[in-house]
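Subject: Structure handover

Hello,

Here is the structure you were expecting. Please open it first, then read the notes below.

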Amino acid sequence: MMTRIWKFGDSVNTDLITPGRLNVTADPLALAKISFIEFRPEFAREVKPGDIIVAGKNFGSGSSRESAVIALKANGIRYIVAKSFSRIFYRNMINLGLLPIVANTDGIQEGQTLEVNIANRTITNKTTGELQAFDLPPLVEKFFNAGGLVHFIQKNGVAGLQQFQ
Amino acid sequence: MARELKFKGTIAERIFSEKVGRQVHAGDFIIAPVDFAMAHETTTNWAIDSVRELGDKIWNPSKTAIFFDHVVPAASVQVANVQKKVREFAKSHGMPYFWDGICHQLLAERFVRPGDLVIGADSHSPTSGALGAVVVGVGSSDIALTFTTGVNWFRVPQTIRININGRLPPAVYAKDLIIHIITKLSVSGATYKSVEFHGSVVDSMDVSDRLTLSNMSAEMGAKCGVCPSDEKTKQFLEQARGNSNDWMPVDSTPDAHYEQIVEINASEIEPTVALPHDLDKGVPISHAIGISVDQVFIGACTNGRLSDLEIAARILDGKKVASNTRLVVTPASRTVYEQAMDKGYIQTLVRAGALVTTPGCGPCLGRHAGVLGDNEVCFATNPRNYQGRMGAPTSKIYCGSPAIAAATAIEGKIADPRKYLR
């Protein structure tokens, strides 16, 4: 299945992802529909499970509202590749079982094909052949494999966090 | 709790060390107990399922609070139903809840103590770090973990020290200062970091203004924004809580290692405006004068305190809001509201034509009480001026101090407050 790259610039804030005045609901499917509703209106209509968001610096700046992550997850996004992430958004991503990948995204464009290999910790731009290694901190990997913070704690308890010290 | 910090380092390192009972350093991964945890109605709504999945029992309800501040009173059936659900959750779990002010303001007035580690499910949680505490913003999953266990994991942050010396010129306030600092460091310049505010300007600032600095450290991506706790902090606690039992001195130790030290000469700063749509687009007011505005907003967790309303009232006393604009004023808490009435500020503002609204987040996030229409322009004391934040995506937000806001309300276009403060 072809996955599509959705490319964004720097400092894409949470109000652009899910505008504050609209995210009253906790329903993931309703949130999915308002993803980038004004910033990139075609996103919610055309996004398919497995598509990858690629962005510049400081992705997800702004609000702590998890709706921004819930909305993208409900659209089938699993990975976001960016030069850097805003702090709370990064934590919200790993807490909800999405994988933030920090990489140089200058050479990745829409229309290209990107392969994420978690086992090898690499992303490969299949169109240009560019291969990049990324860092996968143990906590991020374990949370991702568990499906997020709540599932990790249900399985391992709070004591399960001690392995990351 | 010992009323002095035992360990060494930056304020963040010292407070995190205190919580885990051993010396920790920037970069260390720790699991720490928190002193207090809070959420507001919106972030609580998303935390309820996670709390249930984590055992549905609150670790210590007296160390938690839920604040209704984002849309108060409810402005639609949908919002009312969310608030009903959250209220029932709070009651059934024995958690105290409040609807008389913005969460960050109430944390500062009533709950956060110098030396505390606090987490809050809202991005402007760093605000009450101004009391000499580490207050960190998180999302709903993290708050669910802490509500149920009393702990969370943290990476002890590196610290950027900002020394603010010189003297603030007339009509220049903490708001101008922090926009100037964010413009210097950029909207991501402090990501993951603790920002510590020092220097003679901070020493002589009241806590009210320090709260503005710490609040907007979030706008450079900071994990926390901290001011030392001193005599001013003690005075603030005495005023707000009737005693200073919660006070203790908090500062870094002389051997602290800072990742970056930034020197700011306050004497050089002018009244400053952040242009749309980012906080690091700060310019001296001369670059923004004359821009016509449809709405002016004075309030939010950044600038809805008594000293802010005082400045606005002083400028608007005997004047009228221009006919082409509207002025919305939202006190940050009921306490602020009452004090502003006692001092006559509310009366002055209302007579000038202001629409004074219930304490809360108000129009800052575009949910009620002053939403912007297509292509409208607002001058706001908000912490944040993102595109579309206050309403229509084509609307524009200029951010700055209550003084500029008041002068702007009089003229209906962005105006220099200095001429009104002679």
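Where does R121(A) lie in chain A? R121(A) sits in the loop between β5 (114-117) and β6 (122-125). Its phi is near 55 degrees, a positive value in a residue other than glycine. R121(A) is partly exposed, with a relative accessible area of 25%. Please keep in mind that this is a predicted model.

**Chain A against chain B**

The contact draws 42 residues from chain A and 47 residues from chain B. About 3,700 Å² is buried between the two chains, and carbon and sulfur atoms give 59% of that area. There are 2 salt bridges across this interface. One of them pairs R91(A) with D142(B), at 2.8 Å from N to O. Polar contacts add up to 15 residue pairs, both partners at pLDDT 80 or more.

On the side of chain A that touches chain B, five elements give two or more residues: α1 (14-17), α4 (67-74), α5 (87-95), α6 (138-146) and α7 (149-156). The most comes from α5(A), with 7 residues. By class, this side of chain A has 18 nonpolar, 17 polar and 7 charged residues.

**V138(B)**

Look at V138(B) next. This residue is in the loop between β6 (134-137) and α5 (140-149) of chain B. Is V138(B) buried or exposed? V138(B) counts as buried because its relative accessible area is 2%, under the 20% cut-off. Leaving out residues up to four places away in sequence, V138(B) touches S64(A) and I88(A) in chain A. In chain B, V138(B) touches I119(B), G120(B), A121(B), D122(B) and I143(B). D230(B) is 92 residues from V138(B) along the chain, and their C-alpha atoms are 27 Å apart.

**The two domains of chain B**

Chain B is assigned domain 1 (11-265) and domain 2 (275-420). Their contact takes 36 residues from domain 1 and 37 residues from domain 2. The domain centres, taken over C-alpha atoms, are separated by 24 Å. Between them the domains bury about 2,900 Å², with 57% of it on carbon and sulfur atoms.

How many salt bridges are there between domain 1 and domain 2 of chain B? The count is 1. E219(B) and R384(B) form a salt bridge, with the closest N and O atoms 3.2 Å apart. The domain interface also has 19 residue pairs in polar contact, both at pLDDT 80 or more.

On the side of domain 1 that touches domain 2, α4 (103-111), α6 (174-185) and α8 (207-217) of chain B each supply at least two residues. The largest share, 6 residues, comes from α8(B). That side of domain 1 has 15 nonpolar, 13 polar and 8 charged residues.

**Backbone points in chain B**

Some local geometry to check on screen:

- The peptide bond from V72(B) to P73(B) is cis, with omega near -10 degrees. P73(B) is in the loop between β3 (64-67) and α3 (77-92).
- P276(B) and H277(B) are joined by a cis peptide bond, with omega about -5 degrees. H277(B) is in the loop between β12 (272-274) and β13 (282-284).
- A300(B) is not a glycine, yet has a positive phi of about 75 degrees. A300(B) lies in helix α10 (residues 300-303). At 1% relative accessibility, A300(B) is buried.

Best wishes

Technical notes:
Residues are numbered from 1 along each chain as its sequence is written. Chains are lettered from A and ligands numbered from 1 in the order in which they are written. This is a predicted model: local features need pLDDT of at least 70, side-chain atom pairs count only at pLDDT 80 or more; totals for chains, interfaces and linings use all residues. Side-chain values use heavy atoms; hydrogens and water are left out. Domain bounds come from an automatic or database domain assignment. Contact means heavy atoms within 4.5 Å. Buried area is the accessible area (1.4 Å probe) that two parts lose on being put together, summed over both. A salt bridge is a side-chain nitrogen of Lys or Arg within 4 Å of a carboxyl oxygen of Asp or Glu. A polar contact is a pair of N or O atoms within 3.5 Å; within protein, one must be able to donate a hydrogen and the other to accept it, and residues adjacent in sequence count only if both atoms are side-chain atoms. Helices (H or I, at least four residues) and strands (E, at least two) are DSSP runs, numbered from the N terminus. Ala, Val, Leu, Ile, Met, Phe, Trp, Tyr, Cys and Pro count as nonpolar, Asp, Glu, Lys and Arg as charged, and the others, Gly among them, as polar. Buried means under 20% relative accessible area, exposed over 50%, partly exposed in between (1.4 Å probe, protein chains only).
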